[in-house]
Amino acid sequence: MTLENDCEGRARSLSNAVSLVEVAPMIQDKHDVHNELHAFKEALNQNTIVSITDRCGKIKYANHQFCRISGYSRDELLGQNIKILNSSHHDREFFFDLWSTISSGRPWRNEIRNRGKHGHFYWVDTTIVPRRNHLGKIDGYVSIRYDITARKEIERELQQEVEKRRNTEELLRELLETIPDGVIAFDGEDKLIHFNSAYKGFHTAKADHLVEGASFSELLKIAVDNDQYMDLPDSPKGREAYIENRIRRHGNPGRPIIQRLNNGRWLQVQERRSNAGYTVGICTDITDIKQAEKTIKVQAEQDSLTGLANRSVLSALLTKALSDRKGGELPGALVLIDLDHFKDVNDTLGHDAGDKLLIEVAHRLTDVLRKTDTVARIGGDEFAVLLPNITTVADVERVLRKLLSRFSETVVLGHRTIRPGCSLGVTFFPADGSTPKDLLKNADIALYQAKARGRGIWEFYDPALKRRVESRQATTDALREALADNRIGMAVQTQVDFKTGRHIGFEVLARWEHKGRNISPGEFIPVAEETGLIIPLGHSVLDQALSMARDIRDNGFDPGRIAVNVAASQLKQLDFAETVASMLDRYGLEPGTLEVEVTENVLLDRASSHIERSLWDLHQLGVQIALDDFGTGHASLSHLKRFPVDRLKIDQSFVREIQSNSDDSIIVRAIINLDHNLGMEVVAEGIETEEQFELLREQGCDVAQGYLLGIPVPPSQAISFCAPCPLSSKQARNSLDHPVSGLRRTASR
């Protein structure tokens with residue numbers, strides 16, 4: 001009896017046992033039933049591995065065979081989850097099928113590899129049957145297992161033997177590639193003496209004439225007359241020349257001959273002449289190889305998704321175009337096209353939708369452009385168009401307008417209808433570059449500029465663009481190095497209370513000196529945001545600010561609230577609030593010491609949900625939240641309601657014209673009233689004159705900041721703003737009447 005039959009017999013025994021258990025309540029003589037069940041149990045226990053678990057897989061019973069094969073004692077097994085035997089051999093789907101089957105009330109059977117207590121592996125043929133209580137509900141599972149480790153070992157050895165044979169056969173197949181599919185032999189007088197059926201199957205045109213004694217030349221002429229071969233000359237003289245050449249090569253065989261038959265198949269013919277004067281021809285069918293070469297060629301030249309040309313083809317065409325052109329004229333243009341917000345399509349609709357959009361874009365580009373133009377996909381969502389024989393900017397712009405118009409037509413992706421957009425960068429050749437690499441780089445520079453200007457537009461390459469990009473890259477490299485060397489510093493500017501004229505805090509400003517020149521934050525902050533360096537930059541500035549606050553405290557002074565600007569990228573970090581809390585704890589500062597400043601654009605970021613969560617986490621921690629540059633962006637009142645904002649900072653553009661522009665004065669008054677009604681404080685930035693200060697104080701503004709009150713100073717001078725300033729009664733009254741003069745004195749200390 002085979003192992004499989006033996007397992008099936010055991011399974012039938014189990015089925016009978018289960019059936020007996022199910023009908024047992026109907027048997028009158030319970031004693032007999034008990035005895036029979038006991039006998040079944042004893043029989044099963046002799047050679048069968050039996051266990052019972054609850055619905056969650058916790059072992060409630062394990063027989064001796066179970067303990068023997070697993071190496072665990074019964075006490076070690078009881079109460080453990082059956083997962084204790086997991087060998088990690090089976091995948092999650094295997095166990096999902098197991099549990100979904102038995103939990104639905106159906107028995108499950110399969111082979112499982114388990115791991116014993118001592119790390120040994122063993123195989124068991126397993127049947128699991130749900131066990132029901134008196135209410136018919138499943139309250140556990142009975143598992144019957146048979147040790148099939150020996151059988152699996154035999155199977156493994158057989159599999160190894162099969163694999164070994166397979167490897168040997170593969171090696172033989174490679175060696176047998178030199179053995180022909182068709183064989184034909186001629187004697188010393190070139191008379192046919194032998195051929196096989198494969199050869200006859202190849203050469204259908206002369207098949208009926210393949211008889212012993214037929215000459216090689218006679219058979220060749222029959223094949224040529226019946227167009228057996230492709231690419232034969234059309235003229236009689238041409239065909240005669242072909243026959244003469246072939247006979248000559250047959251009489252003096254050498255290199256293999258490649259023949260393409262009229263049925264589309266390819267043959268490699270290798271002829272050899274023996275010492276006895278026999279000529280043997282070996283015909284090998286190489287059609288698959290030729291098709292593979294064709295496929296490889298297509299794959300090497302075409303994008304697999306869209307069927308367009310790829311980067312290598314584009315580069316080759318550019319190389320050819322440049323080699324054909326001389327001088328500085330504009331004989332052609334290269335256009336780089338990048339889809340706008342393509343990542344959003346993949347993230348929201350899935351990659352299948354993204355692929356569908358790319359295919360549709362490829363079709364649209366092909367439809368719009370001329371047959372002489374080349375469209376290539378050179379990256380994920382980046383395409384290139386080669387426009388030969390374009391001599392003017394106007395001609396290119398005419399093509400670009402058509403392209404953008406067709407491009408922006410709606411497309412249905414699943415259940416969504418979207419209107420795709422793109423940005424374009426254009427460069428001319430050979431005027432803008434002498435190599436494909438230069439042209440692609442210059443077109444990319446123009447594309448970058450188009451994106452920076454707002455997307456959905458085109459930009460022509462200009463050497464000035466290249467200089468700006470190179471300068472920006474140099475700034476990026478220098479900034480990265482400065483961050484690594486801790487050479488990014490900061491300055492602080494005092495903030496004072498309008499009512500008391502006293503210092504109540506600082507705004508922290510990033511500072512960077514590079515090669516003896518102070519780099520403006522307006523120059524390096526955008527670079528940091530675009531390159532991701534804003535995260536280490538922001539962390540460095542925050543750390544310095546809290547360190548300064550700690551030093552001021554240690555010297556017995558109160559620094560007030562420390563306001564630090566935070567970028568969207570920082571707030572998108574899931575652990576940003578935890579990082580801030582850790583830094584505050586490290587410096588021993590209360591959360592209320594810190595104020596996080598964000599701009600309106602941060603609140604409008606596409607990942608606003610992540611930003612909102614970080615801001616609420618900071619707010620609950622006790623950190624104050626300030627909205628900077630209020631009134632200059634597109635934030636609405638709903639954002640003030642949605643985000644935990646404690647302070648609004650009126651942009652200095654409104655403060656600057658508050659004296660001469662009644663509209664700005666009205667706007668400032670409206671902002672102050674609105675914020676006070678919402679329970680927020682208002683900070684006015686950029687105060688430079690006493691008149692501005694007085695107007696803002698009269699309108700009820702809470703906090704003042706600007707050069708009138710104090711210029712940004714290094715952290716080492718910050719303590720001077722925090723130092724006590726004792727005033728006489730008369731001075732105090734004068735300070736209340738004219739707070740600005742008092743503030744200037746305070747700031748000068």
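The largest cavity here has a volume of about 160 Å³, and the structure holds 3 cavities of 30 Å³ or more. Keep in mind that this is a predicted model. Two things get a look below: what lines that largest cavity, and what N262 is up to.

**The largest cavity**

- Its lining is made up of 18 residues.
- If you want to find the centre, look for Y199, K206, F216, R246 and E271, which lie nearest to it.
- Five elements are named as giving two or more residues each to this lining: the helices α8 (216-225) and α9 (236-251), plus the strands β6 (182-186), β9 (266-273) and β10 (279-285).
- β10 supplies the largest share of the lining, with 4 residues.
- Chemically, the lining splits into 10 nonpolar, 5 polar and 3 charged residues.

**N262: where it sits**

- You'll find N262 in the loop between β8 (257-260) and β9.
- Is N262 buried or exposed? It lands in between: N262 counts as partly exposed because its relative accessibility is 38%, and that class runs between the 20% and 50% cut-offs.

**N262: who it meets**

- Leaving out residues up to four places away in sequence, N262 touches N226, D227, Q228, Y229 and M230.
- With N226, the C-alpha atoms are 9.7 Å apart, and the two residues are separated by 36 residues along the chain.
- With D227, the side chain of N262 reaches the backbone oxygen at 2.8 Å.

Note on methods: Residues are numbered from 1 along each chain as its sequence is written. This is a predicted model: local features need pLDDT of at least 70, side-chain atom pairs count only at pLDDT 80 or more; totals for chains, interfaces and linings use all residues. Side-chain values use heavy atoms; hydrogens and water are left out. On a 1 Å grid over the protein atoms alone, a cavity is a set of points where a 1.4 Å probe fits but cannot get out, and a pocket is an open set with protein on both sides within 12 Å along at least five of seven lines; lining residues have an atom within 4 Å of a point. Grid points are joined across faces, edges and corners, and a volume is the space filled by probe spheres set on the points. Ala, Val, Leu, Ile, Met, Phe, Trp, Tyr, Cys and Pro count as nonpolar, Asp, Glu, Lys and Arg as charged, and the others, Gly among them, as polar. Buried means under 20% relative accessible area, exposed over 50%, partly exposed in between (1.4 Å probe, protein chains only). Contact means heavy atoms within 4.5 Å. A polar contact is a pair of N or O atoms within 3.5 Å; within protein, one must be able to donate a hydrogen and the other to accept it, and residues adjacent in sequence count only if both atoms are side-chain atoms.
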